[in-house]
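This report looks at strand pairing, at pockets and at the surroundings of a bound ligand. Please keep the structure in view while reading.

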Amino acid sequence: MITVWGEGRGFRVIWLLEEMGLPYRLRDVDLLKGAESDPEFMAINPGGFIPALQDGDRVMVESVAILQYLLGRYGPSPLAVGPADPAYGDWLQFLHLGEAGLMTPSFFSWAGGAFGPDGAGEDWTGKLALEIFRSRRRLIARQLGQAPYMAGETFTAADISVGYALLWARRQGVTALTPAEQAYIDHVTAREGFDRAIARCQHTKSWDPPSGG
Ligand SMILES: N[C@@H](CCC(=O)N[C@@H](CS)C(=O)NCC(=O)O)C(=O)O
């Protein structure tokens with residue numbers, strides 16, 4: 001049985017598992033209490049961050065690596081694009097850009113204001129993180145100008161990676177998203193797999209409706 005430890009970016013993993021129809025268990029991890037107060041979790045991930053995946057004896061962290069692992073281990077799946085497909089490069093690029101280019105800088109641009117001392121949200125590092133988030137989104141804008149999805153004409157795991165990052169940024173009010181990004185979020189979240197994932201994820205469920213309405 002697959003166990004997903006923690007929601008947060010673990011929502012990406014749950015979304016993929018629901019899309020693939022794989023059975024799993026979601027084990028809550030309360031980061032607000034402090035991961036150190038959860039020895040069972042610290043034994044799984046001594047780094048104390050979520051999500052983590054447990055699949056038999058295998059334990060993994062990094063949400064996007066987990067998506068790739070599940071697709072490789074339990075595929076074939078239409079959510080993955082193979083090396084022989086012309087869209088392979090776009091697929092891999094956006095799969096990783098969703099975390100490295102979008103989620104990471106947007107989190108750090110927001111975290112200073114949310115958790116830091118007065119003025120931390122406006123410091124040099126926070127502004128740089130926001131600028132990086134802005135610049136990477138130009139690649140999303142270009143892609144959406146030519147195709148409905150990150151890898152072209154069909155929904156894939158790259159849309160789970162990017163879609164989650166944009167949904168999170170919208171939820172936290174990191175910055176104003178463009179109409180094309182808003183429409184993209186609405187499009188990729190209008191899926192039964194997304195609805196099933198939301199129904200399992202109590203923290204993500206408490207966010208604004210995906211439509212932003
Ligand atoms: N790149 C990692 C980021 C993991 C991460 O930063 N997770 C957050 C919650 S979504 C967390 O656990 N933060 C607390 C910490 O890093 O100590 C991934 O995609 O899984």
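Which residue in β3 does Trp-5 stand opposite? The partner is Ala-52, and the sections below place this pair in its setting; the model is a predicted one.

## Strand pairing

Strand β1, covering residues 2-5, runs antiparallel to strand β3, covering residues 52-55, and the two are joined by 4 bridges. The pair of Trp-5 and Ala-52 belongs to this part of the structure, with Ala-52 lying in β3.

Strand β3 also pairs with strand β4 (residues 58-61), again in the antiparallel sense and over 4 bridges. Here Gln-54 has Val-59 of β4 as its bridge partner. The hairpin that β3 and β4 form has 2 residues between the strands, and in this hairpin Gly-56 adopts a positive phi near 65°.

## The largest pocket

The largest pocket has a volume of about 960 Å³, and 27 residues line it, with Gly-8, Arg-9, Leu-31, Ile-50 and Phe-107 lying nearest its centre. Sorted by class, its lining consists of 14 nonpolar, 6 polar and 7 charged residues.

Helices α4 (88-115), α6 (157-172) and α9 (202-205) each supply at least two residues of this lining, and the largest share, 6 residues, comes from α4.

## The second largest pocket

For the second largest pocket the volume is about 150 Å³, and its lining includes Ser-109, Trp-110, Glu-122, Lys-127 and Gln-172. The elements that give two or more residues to this lining are α4 and α5 (124-146), with α5 providing the largest share, 3 residues. By class, the lining of the second largest pocket divides into 3 nonpolar, 5 polar and 2 charged residues.

## Around the ligand

The ligand is surrounded by Gly-8, Arg-9, Leu-31, Phe-49, Ile-50, Pro-51, Glu-62, Ser-63 and Glu-99. Gly-8, Arg-9, Leu-31 and Ile-50, which appear among these surrounding residues, are also among the residues nearest the centre of the largest pocket.

Which atoms of the ligand lie 2.7 Å and 2.9 Å from side-chain atoms of Glu-62 and Glu-99? A nitrogen atom of the ligand is 2.7 Å from an N or O atom in the side chain of Glu-62, and a nitrogen atom of the ligand lies 2.9 Å from a polar side-chain atom of Glu-99. For Arg-9, a polar side-chain atom is 3.3 Å from an oxygen atom of the ligand. On its own the ligand has 500 Å² of accessible area, and the protein covers 69% of it.

Terms used. Residues are numbered from 1 along each chain as its sequence is written. This is a predicted model: local features need pLDDT of at least 70, side-chain atom pairs count only at pLDDT 80 or more; totals for chains, interfaces and linings use all residues. Side-chain values use heavy atoms; hydrogens and water are left out. Two strands pair if DSSP finds at least two bridges between them. On a 1 Å grid over the protein atoms alone, a cavity is a set of points where a 1.4 Å probe fits but cannot get out, and a pocket is an open set with protein on both sides within 12 Å along at least five of seven lines; lining residues have an atom within 4 Å of a point. Grid points are joined across faces, edges and corners, and a volume is the space filled by probe spheres set on the points. Ala, Val, Leu, Ile, Met, Phe, Trp, Tyr, Cys and Pro count as nonpolar, Asp, Glu, Lys and Arg as charged, and the others, Gly among them, as polar. A residue is near a molecule or strand if one of its heavy atoms lies within 4 Å of it. A polar contact is a pair of N or O atoms within 3.5 Å; within protein, one must be able to donate a hydrogen and the other to accept it, and residues adjacent in sequence count only if both atoms are side-chain atoms. Accessible areas come from the Shrake-Rupley method with a 1.4 Å probe; for residues, only the protein chains shown count as cover.
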